[in-house]
Amino acid sequence: MMQKKRKSRAKRSLGQNFLVDANYQNKIIDVVKNSYNGETILEIGPGRGALTQHLVPIAKKLILVEKDVALAKQLQETYADHDHVLVIQADFIKWDLPTHKDIIVVANLPYNVASQILIKIFKQSKHFKTLYIMLQKEMAQRAIAIPSTKDFSVFSIWCQLFSLPQKLFHLPPTAFSPKPKVTSTFLALRICERDYEEEKEFILFIKQLFNQRRKKISTTLKNSGIPLENISDSLRDKIDKRAEALSIGELKELFFDIQQLV
Ligand code: SAM
């Protein structure tokens with residue numbers, strides 16, 4: 001008699017909440033399918049293959065990166081006969097990205113490392129086209145937040161500098177097993193043509209300002225020794241505000257103005 005494969009216990013340390021609701025699996029795959037044009041698909045954290053099973057028949061090339069050794073082995077066995085599917089057992093955060101262009105990412109991200117994974121992608125954004133990702137609702141709200149709201153943060157600026165994020169729909173905890181305590185949100189992030197190396201200094205500047213987000217920008221700048229005596233009226237108006245009140249465009253202008261002073 002064939003022995004039924006036993007499912008290993010979900011590991012909280014790896015953020016394992018598997019998407020078991022078939023309606024939501026289909027809803028996600030429909031979104032991916034609707035704009036798919038033969039690009040390489042990279043699934044981060046395929047887990048037990050909830051989304052993978054639907055991606056295999058549509059993808060021209062599918063790369064699966066799974067940190068869990070046992071789950072990666074199962075996927076390797078399941079897809080051993082599929083030449084277009086490559087299963088890699090690795091921590092995505094440490095993994096060397098392939099040199100492909102226009103990669104489409106599909107991921108129900110492990111919530112504990114979701115921001116690290118996204119920042120790694122943004123730092124090498126030239127390889128990517130669109131990210132279809134699931135995040136904890138609160139984090140998704142930060143990704144799309146606008147200035148002067150409590151969710152507008154350094155993470156919002158990362159997301160909006162390197163992509164056009166769009167909220168698609170929410171998923172209730174009951175769509176997953178084990179059930180998480182939080183609601184999830186499915187998003188599409190269309191990657192912009194931007195080079196991290198050229199944005200590095202701006203991001204450092206932003207981090208410095210948002211470290212003291214309740215303070216006026218002028219206070220933060222003074223504390224870091226920037227001379228503010230002979231500045232224009234329009235610049236004075238800007239630094240009289242809190243960083244969280246400025247748009248990314250205004251923060252950029254401010255960054256260039258401040259660079260002239262030092
Ligand atoms: N995609 C599956 C689904 O929707 O049912 C699983 C999603 S589960 C939320 C997150 C998956 O990411 C798990 O399979 C976990 O083992 C894997 N994972 C966690 N950290 C990872 C990392 N740093 N690199 C790659 N995979 C990771």
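Is Asp102 buried, exposed or partly exposed? In this predicted model, Asp102 comes out as partly exposed, because its relative accessibility is 41% and the partly exposed class runs between the 20% and 50% cut-offs. The residue sits in the loop between S4 and S5. Its backbone is worth a look too: phi is near 60 degrees, a positive value in a residue that isn't glycine. Most residues other than glycine have a negative phi, and most peptide bonds are trans.

Two other loops have backbone features of this kind. Ser148, in the loop between helix H5 (137-144) and H6, is not a glycine either, yet has a positive phi of about 65 degrees. Ser148 counts as exposed, because its relative accessible area of 54% is over the 50% cut-off. Then there's Pro178, found in the loop between strand S8 (176-177) and strand S9 (184-191). The peptide bond leading into Pro178 from Ser177 is cis, with omega near -10 degrees.

Back to the loop that holds Asp102. Lys94 is found there as well, between strand S4 (85-89) and strand S5 (103-108). With a relative accessible area of 68%, Lys94 is exposed, because that value is over 50%. In sequence, Lys94 and Ile117 are 23 residues apart, while their C-alpha atoms are 9.7 Å apart in space.

Now for the chain as a whole. The protein chain carries 10 helices and nine strands, and its C-alpha trace spans about 85 × 35 × 30 Å along the principal axes. Of its 262 residues, 47% are buried. Take the contacts between residues at least 6 apart in sequence: 66% of them join residues at least 24 apart. About 14100 Å² of the chain is exposed, with carbon and sulfur atoms supplying 48% of that area. As for charge, there are 40 positive and 28 negative charges, and their mean positions lie 9 Å apart.

Among the strands, S6 (residues 128-136) holds Ile133. Ile133 is buried, because its relative accessibility of 1% is under the 20% cut-off. Which residues does Ile133 touch, once its neighbours within four places in sequence are set aside? The contacts are Val105, Ala107, Leu109, Leu118, Thr185, Phe186, Leu187 and Leu189. Trp95, 38 residues away from Ile133 along the chain, has its C-alpha 19 Å from that of Ile133.

Among the helices, H7 (residues 196-211) gets a closer look. Its 16 residues reach 21 Å from first C-alpha to last, close to the 22 Å expected at 1.5 Å a residue. H7 does have a kink, though, of about 30 degrees and centred on Phe202. Phe202 is also one of the buried residues of the helix, along with Tyr196, Glu199, Ile203, Phe205, Ile206, Leu209 and Phe210. An α-helix has 3.6 residues a turn, so residues three or four places apart point the same way. And what covers the buried residues of H7? The cover includes four other helices: H4 (114-123), H6 (154-162), H8 (217-223) and H10 (248-261).

Technical notes: Residues are numbered from 1 along each chain as its sequence is written. This is a predicted model: local features need pLDDT of at least 70, side-chain atom pairs count only at pLDDT 80 or more; totals for chains, interfaces and linings use all residues. Side-chain values use heavy atoms; hydrogens and water are left out. Buried means under 20% relative accessible area, exposed over 50%, partly exposed in between (1.4 Å probe, protein chains only). Contact means heavy atoms within 4.5 Å. Accessible areas come from the Shrake-Rupley method with a 1.4 Å probe; for residues, only the protein chains shown count as cover. Lys and Arg count as positive and Asp and Glu as negative; His and the chain ends are not counted. The place of a charge is taken as NZ of Lys, CZ of Arg, CG of Asp or CD of Glu. The expected span of a helix is 1.5 Å times one less than its number of residues. The bend at a residue is the angle between axes fitted to the seven residues ending there and the seven starting there.
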